[in-house]
Amino acid sequence: MDIIHRNFLSLLRCGAFGHQEPIEPMSAWKWNRLYHISQMHGVTPWVYDGIKLCAGDFFLTIRPTLMEQFQKSALEADQIMQDDNEEQRLTNPLLNHTLQQVMENEKDSPTLDLLICIIRIARYILTQGINMKHLTELGIYLHTTRDQIDYEKLTSWIKKLRMGKIARLEAALLVHFLGFKSENIHFAKAITNKETLRIAEDFLNSSSQQAADWYFTQGKNVFVGTSNSGAMMWHVRHSAKYMSYYPSEAVTNFFSNFAHSLSHIEE
């Protein structure tokens, strides 16, 4: 992990969890790059809070113009109401039926909310990679509601939804990115081996823009093409790479996204 990402994660943890970490010295160009990374991952408000918390650090040398950008972007992000409470569904019909039953029987509860957080991240992993905003929200939720969670019930739901492997990956990402202790994660066992570390680095360095660009259009001829063939191939490779972490959902998820992309074709 390079110095930009190390400082990015340090400031993200500082802002999200309120504890100060040492900052490494960087050039103005690298600080500007860090700003763009925080924007790309949708976590600028937390990074900005981290900057304010670490204001006394000798190596926190950010130009006033960039600080103004951080402040403006953080305020704008706070004002945007993101619809993260959208209905959660799985593309596998059997698994989705199980999920809807759980949601119907449980209604509103901290345990169900945590399950929804885990499912949301799993869906992003299969299609785009890790969403740092959602992972940070999961970390904050675990910190603030840990005593209200029925972990026995939660783990039984994860088993019914066949999410064991991808839940363990999410737990490992909490350890690697957000500094959690594995013994403090109770919904799955966090195994941080070489494979999970490689995946974490892959997620951190990839851009979700490739996934966002993957849609189909129809030109003058009868053939269907993509607006970004490189993005399409990235999506195919990405889906294949992480299919083993949630195989019962990954296949239907891929074809569901493929079918959704066809809706962009003009009739």
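**Exercise 1. Locate Lys52 and Asp49, and describe how their side chains interact.**

Step 1. Lys52 and Asp49 both belong to helix 3 (residues 44-53), where three residues, about one turn of the helix, separate them. The model examined here and in the following exercises is a predicted one.

Step 2. The two residues form a salt bridge, and their closest N and O atoms are 3.5 Å apart. This satisfies the criterion, which asks for a side-chain nitrogen of Lys or Arg within 4 Å of a carboxyl oxygen of Asp or Glu.

Step 3. Partly exposed residues lie between the limits of 20% and 50% relative accessible area. Lys52 counts as partly exposed because its relative accessibility is 46%. Asp49 is likewise partly exposed, at 32%.

Step 4. Lys52 may also be compared with a residue elsewhere in the sequence. Cys14 and Lys52 are 38 residues apart in sequence, and their C-alpha atoms are 9.4 Å apart in space.

**Exercise 2. State how many salt bridges the whole structure contains, and examine the one between Glu24 and Arg6.**

Step 1. A search of the whole structure gives six salt bridges.

Step 2. In the pair formed by Glu24 and Arg6, the closest N and O atoms are 2.8 Å apart. This pair links distant parts of the chain: Arg6 is in helix 1, whereas Glu24 is in the loop between helix 1 (3-17) and helix 2 (28-40), and 18 residues separate them.

Step 3. Glu24 is classed as partly exposed because its relative accessibility is 28%. Arg6, at 32%, is also partly exposed.

Step 4. A further salt bridge joins the side chains of Glu21 and Arg13, with an N to O distance of 2.8 Å. Both Glu21 and Arg13 are buried.

**Exercise 3. Determine how helix 9 and helix 10 are arranged, and which residues form their contact.**

Step 1. Two packed helices are described by the angle between their axes and the distance between the axes.

Step 2. The axes of helix 9 (residues 164-178) and helix 10 (residues 194-205) come within 10 Å and cross at roughly 70 degrees. Helix 9 is therefore roughly perpendicular to helix 10.

Step 3. Helix 9 contributes Leu169, Ala172, Leu173, His176 and Phe177 to the contact, while helix 10 contributes Thr196, Leu197, Ile199, Ala200, Glu201, Phe203 and Leu204.

Step 4. Sorted by character, the residues of this contact are nine nonpolar, two polar and one charged.

**Exercise 4. Describe the largest nonpolar core and the surroundings of Leu115.**

Step 1. In soluble globular proteins, nonpolar side chains tend to be buried together.

Step 2. The largest nonpolar core of this model has 74 residues, and those with the most contacts inside it are Leu115, Leu135, Leu154, Phe177 and Phe187. Helix 6 (residues 110-127) gives the most to this core, namely ten residues.

Step 3. Leaving aside residues up to four places away in sequence, Leu115 touches Leu99, Val102, Leu154, Trp157, Ile158 and Leu161.

**Exercise 5. Decide whether Ser248, Arg162 and Asp147 are buried or exposed, and give the position of each.**

Step 1. Ser248 is found in helix 13 (residues 247-262). Its relative accessible area is 17%, so Ser248 is buried.

Step 2. When residues up to four places away in sequence are not counted, Ser248 touches Asn92, Leu95 and Arg162.

Step 3. Arg162 is located in the loop between helix 8 and helix 9. Arg162 counts as exposed because its relative accessibility is 54%. The phi angle of Arg162 is near 60 degrees, a positive value in a residue other than glycine.

Step 4. Asp147 is found in the loop between helix 7 (132-145) and helix 8 (151-160). With a relative accessible area of 75%, Asp147 is exposed. Asp147 and Pro110 are 37 residues apart in sequence, and 9.7 Å separates their C-alpha atoms in space.

**Exercise 6. Summarise the chain as a whole: its secondary structure, its buried share and its contacts.**

Step 1. The secondary structure comprises 13 helices and two strands.

Step 2. Of the 267 residues in the chain, 46% are buried.

Step 3. Among the contacts in the chain with a separation of 6 or more, 70% are between residues 24 or more positions apart.

Key. Residues numbered from 1 in each chain as written. Predicted model: local features only at pLDDT ≥ 70, side-chain atom pairs only at ≥ 80, totals over all residues. Heavy atoms only, no water. Helix = DSSP H or I, 4+ residues; strand = E, 2+ residues; numbered from the N terminus. Buried < 20%, exposed > 50% of the residue type's maximum accessible area, 1.4 Å probe, protein only. Contact = heavy atoms within 4.5 Å. Axes fitted to C-alpha atoms, helices over the stretch in contact; angles between N-to-C directions. Parallel < 35°, antiparallel > 145°, perpendicular 65-115°, else oblique. Nonpolar A, V, L, I, M, F, W, Y, C, P; charged D, E, K, R; others polar. Core = buried A, V, L, I, M, F, W, Y, C linked by side-chain atoms within 4.5 Å.
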